[in-house]
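User: I would like to go through the reasoning behind some of the terms applied to this structure, with each value set against its cut-off.

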Amino acid sequence: MENPRGDKITIPLLLARKASGPKIVCLTAYDYPTAKILDEAGVDLILVGDSLGMVVLGYANTVPVTMDEMIHHTRAVSRAAQRALVVGDMPYFSFHLSADETIRNASRFLKEGGAAAVKIEGASQKRLKLVEAMVEAEIPVMGHVGLTPQSIHHLGRYRVKGTGAEEGRRIVADAANLEKAGAFAVVLESVPVEIAEAVTRTLKVPTIGIGAGPVCDGQVLVFHDMMGYSTGYMPKFVRKYADLHEVMSGAVEAYSRDVREGRFPDDATSYHLKPDVAAEVARSKGRSPKGSTKR
Ligand code: KIV
């Protein structure tokens, strides 16, 4: 049956977008209703990011996020995604011990989570070998370089990466190595436009930018940030397309006032008996229902 939302997004289709466009649209989602909105709006890639930990689960950073949490949310997102390609984010310590464990964890995103690919942060020699091993196991992999939030304890704070010549060159080389290892796309997070441009020009696979300027082959933002649902610190690269926090706070305050002041529920939001049943109930008031014994 034809998909009413258009052709299903596949990895070959994303690769073709590098040459012919249009740009790849990616957003994060962590639940069914949000993923349904994204899918219906024509978003190409839905990333179940480990940003889940911060924007949904209330952790201070992404480090505590577990595989089970990621799979739980990936399943919900996949149920909604008819057209978009779903990518599951490998959480911290799901790919740090051995290739076997990495492949086992990555395969859970496909087998249990219904995702079509996984994303992994970093591009050390060991990571590149893991990317090769996952690709060999038929698991499509998206790389992620620049700012890698799982390294927060090394970094001390989230910051722009690649501002110096040496670090910039490293990012370009890392992205190229990820492509060589078999990654089908590379996320560039918080890097100067010039570095994103060099990577995008060098790679045959698409680059997906977040805080990497307009040159990338696609863009991703965290849904809660761009919707104004998150509060607190917001990186410079976020553009707020709505103010959900304000809208939702206003609605909750209005509901609270209505309950306290007796305006909710009203007649329109209440159930009523049919008149004959109401009359029967009125007549039988005080009588015990058939079969029951009065206490
Ligand atoms: O976890 C996440 O949402 C991400 C994106 C910011 C790329 O990794």
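User: What makes the length of helix 4 close to the expected one?

Analyst: In this predicted model, helix 4 runs over residues 67-80 and has 14 residues. Its first and last C-alpha atoms are 20 Å apart, and the span expected at 1.5 Å a residue is 20 Å, an expectation that is defined as 1.5 Å times one less than the number of residues.

User: Which residues of helix 4 are buried, and what covers them?

Analyst: The buried residues are M67, M70, I71, H73, T74, A76, V77, S78 and A80. Their cover includes helix 2 (32-40), helix 3 (52-55) and helix 5 (99-111), together with strand 2 (45-48) and strand 3 (85-89).

User: Why is I152 called buried?

Analyst: I152 has a relative accessible area of 11%, and buried means under 20%, so the term applies to I152. This residue is found in helix 7 (residues 152-155), and, leaving aside residues up to four places away in sequence, I152 touches N61, V63, R157 and Y158. V63 lies 89 residues from I152 along the chain, with 8.2 Å between their C-alpha atoms.

User: How do you know that D50, D89 and K119 make polar contacts with the ligand?

Analyst: A polar contact is a pair of N or O atoms within 3.5 Å. From an oxygen atom of the ligand, a polar side-chain atom of D50 lies 2.9 Å away, a side-chain N or O atom of D89 lies 3.2 Å away, and one of K119 lies 3.0 Å away, so each of these pairs meets the cut-off. The protein covers 95% of the 260 Å² of accessible area that the ligand has on its own.

Methods:
Residues are numbered from 1 along each chain as its sequence is written. This is a predicted model: local features need pLDDT of at least 70, side-chain atom pairs count only at pLDDT 80 or more; totals for chains, interfaces and linings use all residues. Side-chain values use heavy atoms; hydrogens and water are left out. A polar contact is a pair of N or O atoms within 3.5 Å; within protein, one must be able to donate a hydrogen and the other to accept it, and residues adjacent in sequence count only if both atoms are side-chain atoms. Accessible areas come from the Shrake-Rupley method with a 1.4 Å probe; for residues, only the protein chains shown count as cover. Helices (H or I, at least four residues) and strands (E, at least two) are DSSP runs, numbered from the N terminus. Buried means under 20% relative accessible area, exposed over 50%, partly exposed in between (1.4 Å probe, protein chains only). Contact means heavy atoms within 4.5 Å.
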